[in-house]
Amino acid sequence: MAHGGGGGADLMACKQEEEVENKAAWLLGIKTLKIQPYHLPPLGPLDVKVRIKALGICGSDVHHFKVKIHFAILLYWLLLATDDVLNVIREYCFHDHKTMRCASFVVKKPMVIGHECAGIIEEVGSEVKSLAVGDRVALEPGISCRRCNLCKQGRYNLCPEMKFFGSPPTNGSLANKVVHPANLCFKLPDNVSLEEGAMCEPLSVGVHACRRAQIGPETNVLIMGAGPIGLITLLASRAFGAPRVVIVDVDDRRLSIAKNLGADEIIHVSTNIQDVDEEVIKIQNAMGSGIDVSFDCVGYNKTMTTALNATQSGGKVCLIGLALTEMTVPLTPSAAREVDVIGIFRYRNTWPLCIEFLKTGKIDVKPLITHRFRFSQEEVEQAFETSAGGGSAIKVMFSL
């Protein structure tokens, strides 16, 4: 009896220890992240428990984390005084930035942050057949309702009931462990690392955009913006067969990275919208033939105007970057030339193809990982400050 009672106590102690050891990075306020206990929901029959081993910081994470704008940056923007810059200032200064907001998603209570992740299966639900304990997996972070018309049509990324890691009010995955549906966990081949698995999430944005734009061996591509998503879209365009890719940015350092990743031409542009006409000619000359598809990976008046004007008649412009909630762009002249505008929101059914690209070496995402941090209070804060600061940081990665 005494022995049995002790065993029960040990089991209970183990469970309590397991709960205590599961910590997560909680966003408690503007620029306030704390590693605190995270109690997981019970494991459902179709769920798996995953120990997170790699997680990348996304721009949306940074938006939630860092909302207030530094005065020195504000002063610099005011001195530039271009239309796009003034619009950004209005976004920051005349919206309610007492809240932690990214697009229409507002953080109203403490939330676990993060969604670009991969890890190792620790437990499987009673009805899970496709995965086993010890499997290395990449996690697709969005759980759709599977009942609405959009889900039934296969466009589940647009589901109005989507529960997406780290998108309010759903907790994210910067944690020791998470519980997630097994059908959204994709087994990684032996030659694909967990960091590369975590990169399947941003890579999915580029893959989805290329699918929507129908990129192929006869598609010349222009990319506005050489940030993380612009560079990812460059890699995806190449994998889909684009014969020529030109990438545009205001930052020479980012353009140099784009060139090293395989861009045929790089174009340095200004922030002044009055330079658009001159820069369009420069971009078209650099392409050497018609621009079939332009990807705007920024989402400012100037970048979208440049994309619309540079794209040849009958071409497509895909808006991936969502920097502004409203833009003023020359739609009527573009419509008269039948330039189609295509919206891109997250992704759908992309993980298998992303993993195949990584497995075969058709895409190499490793050069994009520029900074690595451990999962400690000090390093979590450092990592987010590094990512928010831009500079040489492209993809900041946690190793848990």
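1. Q214 comes directly after helix 7 and has a positive phi, near 55 degrees. The model is a predicted one, and the phi of Q214 is read from it like every other value here.

2. Helix 7 itself covers residues 200–213. With 14 residues at 1.5 Å a residue, the helix should span 20 Å, and its end C-alpha atoms lie 19 Å apart, so the two figures agree.

3. Is helix 7 mostly covered or mostly open? It is mostly covered, with 12 of its 14 residues buried. The buried residues include the run from C200 through E201, P202, L203 and S204. V205, G206, V207, H208, A209 and C210 are also buried, as is A213. An α-helix has 3.6 residues a turn, so residues three or four places apart point the same way.

4. A second region worth checking is an open sheet of three strands, ordered 2-1-6, with antiparallel pairing. Its edges are strand 2 (32–37) and strand 6 (111–112), each of which pairs on one side only. Strands of a sheet pair through backbone hydrogen bonds, either parallel or antiparallel.

5. Strand 1 takes in residues 23–29. Strand 1 is largely enclosed by the rest of the structure, because five of its seven residues are buried; the cut-off for buried is under 20% relative accessible area.

6. On the strand 2 side, strand 1 pairs over six bridges in the antiparallel sense. A25 stands opposite I35 of strand 2. The two strands form a hairpin with two residues between them, and K31 in that turn has a positive phi of about 60 degrees. Positive phi values are thus reported for K31 in the hairpin turn and for Q214 after helix 7.

7. On the strand 6 side, strand 1 also pairs in the antiparallel sense, over two bridges. Which residues of strand 6 are the bridge partners of L27 and W26? L27 is partnered by M111, and W26 by V112.

8. Helix 14 (residues 377–389) lies across strand 1 and strand 2. The helix runs at about 145 degrees to strand 2.

9. For the whole protein chain, the counts are 14 helices and 20 strands. Of its 400 residues, 50% count as buried. The accessible surface comes to about 18,500 Å², with 54% belonging to carbon and sulfur atoms.

10. Among contacts in the chain with a separation of 6 or more, 72% are between residues 24 or more positions apart.

How values were computed:
Residues numbered from 1 in each chain as written. Predicted model: local features only at pLDDT ≥ 70, side-chain atom pairs only at ≥ 80, totals over all residues. Heavy atoms only, no water. Pairing = 2+ DSSP bridges. Helix = DSSP H or I, 4+ residues; strand = E, 2+ residues; numbered from the N terminus. Contact = heavy atoms within 4.5 Å. Axes fitted to C-alpha atoms, helices over the stretch in contact; angles between N-to-C directions. Buried < 20%, exposed > 50% of the residue type's maximum accessible area, 1.4 Å probe, protein only. Areas by Shrake-Rupley, 256 points an atom, 1.4 Å probe, with all protein chains shown as cover. Expected span 1.5 Å × (residues − 1).
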